[in-house]
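Visitor: I would like to learn how to read a structure feature by feature. Could you walk me through one?

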Amino acid sequence: MTLRVVHAHGDAVGVSVGDVEILRYVYRPDPVAFESRKPYAHPVRTLGGRVVTGYRPSDHRWHKGMQMTASHLSGQNFWGGNSYVHGRGYLPLPERIGWMRHEGFPSFVVDEERFACVEELTWVENGGAEWAREERGLSVHSVDVVRGAWVLDWSIRLTNVRGEELRFGSPTTAGREMAGYTGLQWRGPRDFTGGTVFAPGVEGGGPGERFMGTQGPWLGFTAERDAVDGASTVVFAHAPENLDAGGGGGGRAVHPSHWFVRSEPIPSVAFSWAFFEEFGLPAGESFAYRYRVVVADGAWDRERVEEFLAGVPW
């Protein structure tokens with residue numbers, strides 16, 4: 001089925017299949033600095049029109065669909081909201097909140113079966129200093145109306161322009177156990193609360209906390225929906241090179257990734273690049289990661305996920 005892309009310049013890009021807008025990527029600056037102004041994907045929908053992202057929920061106003069984040073970065077917070085300080089808990093520290101400035105789309109390609117763009121961004125600390133340049137890739141493809149699924153690929157290549165090392169961490173590296181969120185983060189809608197999480201090599205599914213801090217090539221999250229009869233599934237997958245940490249400036253992942261995942265009290269998944277340990281990015285150097293998100297109607301299981309992923313090569 002043909003993709004249709006509408007670009008409202010200075011605001012957002014919408015990607016539709018038939019009458020359903022399956023992705024809206026908003027890159028205009030957020031109005032609230034405390035929420036860490038940065039682009040986000042919301043709403044994200046299944047081909048059947050079911051929204052699978054949450055936006056500014058009452059518990060965390062800075063959670064906006066799917067976003068690239070860095071919760072602890074050399075003393076700054078590019079996640080948004082309260083900052084974790086060991087021994088004192090979460091504190092409102094607006095002077096620590098950084099933001100990501102959209103610079104442009106050097107590449108923007110649309111055809112009937114694929115939308116792909118490259119976005120350039122600058123990471124700016126609270127005082128106005130430019131700390132990093134990001135090259136972000138977004139691609140919508142592999143729309144399968146028979147299986148009721150489509151694919152979003154999201155990549156990042158980040159270069160340190162600060163002039164000194166950048167240190168990436170998380171609340172867990174700062175002292176809070178099993179709260180290592182950072183990196184590309186998904187916030188699910190309210191009715192994903194209590195959903196089932198499953199992964200390869202693990203018997204059965206269960207609550208997200210069962211998988212907190214684990215590693216693996218992919219993770220699935222499925223939930224029965226409110227208002228309609230049926231379920232939706234979101235699958236989060238690493239590109240192969242993400243699991244080969246230590247490449248540094250060569251473009252491979254610089255640090256091992258772990259899953260941050262909760263289904264209670266809120267539905268959330270993050271490809272955490274600094275769950276248990278900090279890592280440094282020297283001045284002038286870069287790191288890169290590639291991620292895949294499959295958005296599907298229905299309650300998928302491990303076998304169905306693995307079959308689908310095997311049919312969509314990187």
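Guide: Gladly. Let's begin with a term: two strands pair if DSSP finds at least two bridges between them. Keep in mind that this is a predicted model.

Visitor: Thanks. How many bridges join strand E12 and E21, and in which sense do they pair?

Guide: E12 (residues 149-160) and E21 are antiparallel partners over 11 bridges. To place one of them, look at Asp153, whose bridge partner in E21 is Arg292.

Visitor: Which strand do 7 bridges join to E21?

Guide: That is strand E17 (residues 231-238), which runs antiparallel to E21. Here Val235 has Val294 of E21 as its bridge partner.

Visitor: And how many residues of E21 are buried?

Guide: Buried means under 20% relative accessible area. Strand E21 spans residues 286-297, and 10 of its 12 residues are buried, so by that cut-off the strand is mostly covered.

Visitor: How should I think about the nonpolar cores?

Guide: The general idea is that in soluble globular proteins, nonpolar side chains tend to be buried together. In this model the largest nonpolar core has 61 residues, and Trp123 and Trp273 touch the most other members. Another core, of 13 residues, lies apart from it, and its members include Val235, Ala237, Trp300 and Val312. You have met Val235 already, as the bridge partner of Val294 in E21.

Visitor: Let's try a hairpin. Which strands form one with 2 residues between them?

Guide: E2 and E3 do, and Gly18 in the turn has a positive phi of about 60 degrees. E2 (residues 12-17) pairs with E3 in the antiparallel sense over 6 bridges, and Val17 stands opposite Val20 in E3.

Visitor: What lies on from there for E3?

Guide: E3 is also joined to strand E4 (residues 40-44) by 3 bridges, again antiparallel. In that pairing, Leu23 has Val44 of E4 as its bridge partner. Strand E3 (residues 20-26) is mostly covered, with 6 of its 7 residues buried.

Visitor: Now a loop residue: is Pro265 buried or exposed?

Guide: Exposed means over 50% relative accessible area. Pro265 has 62% relative accessibility, so it counts as exposed. Pro265 sits in the loop between strand E18 (258-262) and strand E19 (268-272). Its C-alpha atom is 21 Å from that of Arg50, a residue 215 positions away along the chain.

Visitor: Pockets next, please. How are they found?

Guide: In general, rolling a probe the size of a water molecule over the atoms shows where empty space is left. The largest pocket here has a volume of about 440 Å³. Its lining has 32 residues, and those nearest the centre are Asn82, Tyr84, Tyr90, Pro171 and Tyr181. Strands E6 (72-73), E7 (83-85), E13 (166-169) and E18 each give two or more residues to that lining. By class, the lining holds 11 nonpolar, 16 polar and 5 charged residues.

Visitor: What is the volume of the second largest pocket, and which residues are closest to its centre?

Guide: The volume is about 300 Å³. Of the 22 lining residues, Gly137, Leu138, Trp154, Ser155 and Arg290 are closest to the centre. Two or more lining residues come from each of strand E10 (115-124), strand E11 (130-144), E12 and E21. By class, this lining has 11 nonpolar, 4 polar and 7 charged residues. That brings us back to our opening pair, E12 and E21, with their 11 bridges.

Technical notes. Residues are numbered from 1 along each chain as its sequence is written. This is a predicted model: local features need pLDDT of at least 70, side-chain atom pairs count only at pLDDT 80 or more; totals for chains, interfaces and linings use all residues. Side-chain values use heavy atoms; hydrogens and water are left out. A nonpolar core is a set of buried Ala, Val, Leu, Ile, Met, Phe, Trp, Tyr and Cys residues joined through side-chain atoms within 4.5 Å. Buried means under 20% relative accessible area, exposed over 50%, partly exposed in between (1.4 Å probe, protein chains only). Helices (H or I, at least four residues) and strands (E, at least two) are DSSP runs, numbered from the N terminus. On a 1 Å grid over the protein atoms alone, a cavity is a set of points where a 1.4 Å probe fits but cannot get out, and a pocket is an open set with protein on both sides within 12 Å along at least five of seven lines; lining residues have an atom within 4 Å of a point. Grid points are joined across faces, edges and corners, and a volume is the space filled by probe spheres set on the points. Ala, Val, Leu, Ile, Met, Phe, Trp, Tyr, Cys and Pro count as nonpolar, Asp, Glu, Lys and Arg as charged, and the others, Gly among them, as polar.
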